[in-house]
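Trainee: I am new to this structure. Please take one buried part and walk me through its surroundings.

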Amino acid sequence: MEFIHVVASVIFLASIILVITGWIDSVLAALLGILFMIFFGIMTDIDAFKIVDWNVIAILLSIWIISGYFGKSGVPDFMSAVMLRLSKGNVALFVTFIGALAGLVSMLIDNVVVVLMFAPVVFHACRRFKFAAFGPVLFVGLCSNFMGTAMLLGDLPPQMLHSVSGIEFSGFIWFMGRPSSFFILCISYVFTCAFFYWKFSKQYKGISMDVASMAEKPLDHIKDKPFAIISCGIFILTITAMALRPIFGYTLGFIAMWGAIAIILFFEIFKEKFTLEIPNVEQVLAELDWRAVFFYVALFALVGGLEHAGVIKIVSDAMTPLIKQSLVLGSTVLYWVTAPIVGIVEHDAYILTMLYVIRDLGTTTGINPWPLYWMLLWAGTLGSNLTIAGAPALFVAKSLGEKEDQRSVKLKEFLGITAPYVIVSLVTCYIPAMLIWVFPFAK
């Protein structure tokens, strides 16, 4: 390794340790890492700005704005009431239901946004029936990050795969005559949620929710039905337009931005037509989690600096000969090496680099790249659930949970939830992935 590789690695690892341990604020730790990389000439300030995928930031902010109106519609409280009734007072079942639903919604919505949408649902029940909120809201964060790769719109990695390979929306359901991301992840998701239901059953043993005492009906939580219908309608139209992106030819961020502008303009013009107090633009923007936005931007630039220095390329080049030798062995190593790396590294930059490596490998050697593409994406998504450095959704969930419980959560308690989740999800995804996508293409 050259000197620049060593310096970049040391700065990056130091920043990540600070992010994970929480010795200083996570945003500050990431920003300091960027400043040191610029200071030592690893990248310029212009490079740091360009490395950030601003299209993703536009999607994030736009969907957050739309979901802000959605959150005020009463629909989250309605969903909470429905889940409470379905759980019949069983706390473990309620927490599992909420997490499972959050994961399904995250197939179409950014996982950070899903956490912001479902956190009030969790807090509503926790306040009413007096049990800690951190575990349940972190479970929501884990689930929302889990299913983001099941469809094209849910997270950045599937969008990057689309950019590199050209795969479209339907390819994530069925591709090359076999089930692809949606079905593989659903299999693993069912087993993972079942495991945590068993875990929650032990944790919440002796705690029950008196659902029978709830006098209100679920629909009573929706105070202004026209407002709820319009909020949900614009939200659905925006997601549909994003799903049909190839027809329109615009970037996903541009489409999402139009949805945000449309909902703001509509409610600004017709606010007097509704019985609900409509928030103004300043209120909507003030409610956005800007700290999470800055963390996402800073972490993206920090990992981009590592990529800019060539460190990620060194790691990927070391794996190439093994993949050439055996697709089964190479896929297995790629899967189980990727998982711990993305546990401490924000996974987007790593996945993008490896996607190009796999594409070039397929071009030069004639190996079908798709088994490797999928193994990379699934390990990259599931492994990122280990720490807040790997998944911004966990950073948001941790921050919200600590604020709700009014306490600081230690690393041991955090990993006590995330580590089992990652292990179970990786194992239960690896088996069907190998059977369906690796062994059939192995020589």
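Mentor: What follows goes from the whole protein to one loop residue, then to two other parts for context. Keep in mind that this is a predicted model.

Start with the overall picture. The protein has 21 helices and 2 strands. Its C-alpha trace spans about 65 × 50 × 45 Å along the principal axes. For 443 residues, a compact globule would have a radius of gyration near 22 Å, and the protein agrees, because its own value is 22 Å. Buried residues make up 56% of the 443. Now take the contacts between residues with a separation of 6 or more. Of these, 79% join residues 24 or more positions apart.

Next, the close look. Where does Ser 180 sit? Ser 180 is in the loop between strand E2 (178-179) and helix H10 (181-203). Is Ser 180 buried or exposed? Its relative accessible area is 0%, so Ser 180 counts as buried; the cut-off for buried is under 20%. What does Ser 180 touch, once residues up to four places away in sequence are set aside? One group of contacts is Gly 171, Phe 172, Ile 173, Trp 174 and Phe 175. Ser 180 also touches Trp 374, Trp 378 and Trp 437.

Now set a second loop residue beside it. Met 43 lies in the loop between helix H2 (26-39) and helix H3 (45-51). Met 43 has 2% relative accessibility and therefore counts as buried. Neighbours within four places in sequence are left aside here. Met 43 then contacts Ile 34, Met 37, Ile 38, Ala 48 and Ile 51. Its contacts also include Ala 301, Gly 305 and His 308. Sequence separation and distance in space can be set side by side for Met 43 and Arg 85. These two are 42 residues apart in sequence, and their C-alpha atoms are 54 Å apart.

A helix completes the tour. Helix H11 covers residues 225-243, which is 19 residues. From first C-alpha to last, H11 reaches 27 Å, close to the 27 Å expected at 1.5 Å a residue. Buried residues in H11 include Phe 227, Phe 235, Ile 234, Ile 239 and Met 242. Ala 228, Ser 231, Thr 238 and Ala 241 of H11 are buried too.

Last, the outside. The accessible surface comes to about 18600 Å², and carbon and sulfur atoms hold 69% of that area. The protein carries 27 positive and 28 negative side chains. The centres of these two sets lie 9 Å apart.

Definitions and conventions: Residues are numbered from 1 along each chain as its sequence is written. This is a predicted model: local features need pLDDT of at least 70, side-chain atom pairs count only at pLDDT 80 or more; totals for chains, interfaces and linings use all residues. Side-chain values use heavy atoms; hydrogens and water are left out. Helices (H or I, at least four residues) and strands (E, at least two) are DSSP runs, numbered from the N terminus. The radius of gyration is taken over C-alpha atoms; the globule rule is 2.2 Å times the number of residues to the power 0.38. Buried means under 20% relative accessible area, exposed over 50%, partly exposed in between (1.4 Å probe, protein chains only). Contact means heavy atoms within 4.5 Å. Accessible areas come from the Shrake-Rupley method with a 1.4 Å probe; for residues, only the protein chains shown count as cover. Lys and Arg count as positive and Asp and Glu as negative; His and the chain ends are not counted. The place of a charge is taken as NZ of Lys, CZ of Arg, CG of Asp or CD of Glu. The expected span of a helix is 1.5 Å times one less than its number of residues.
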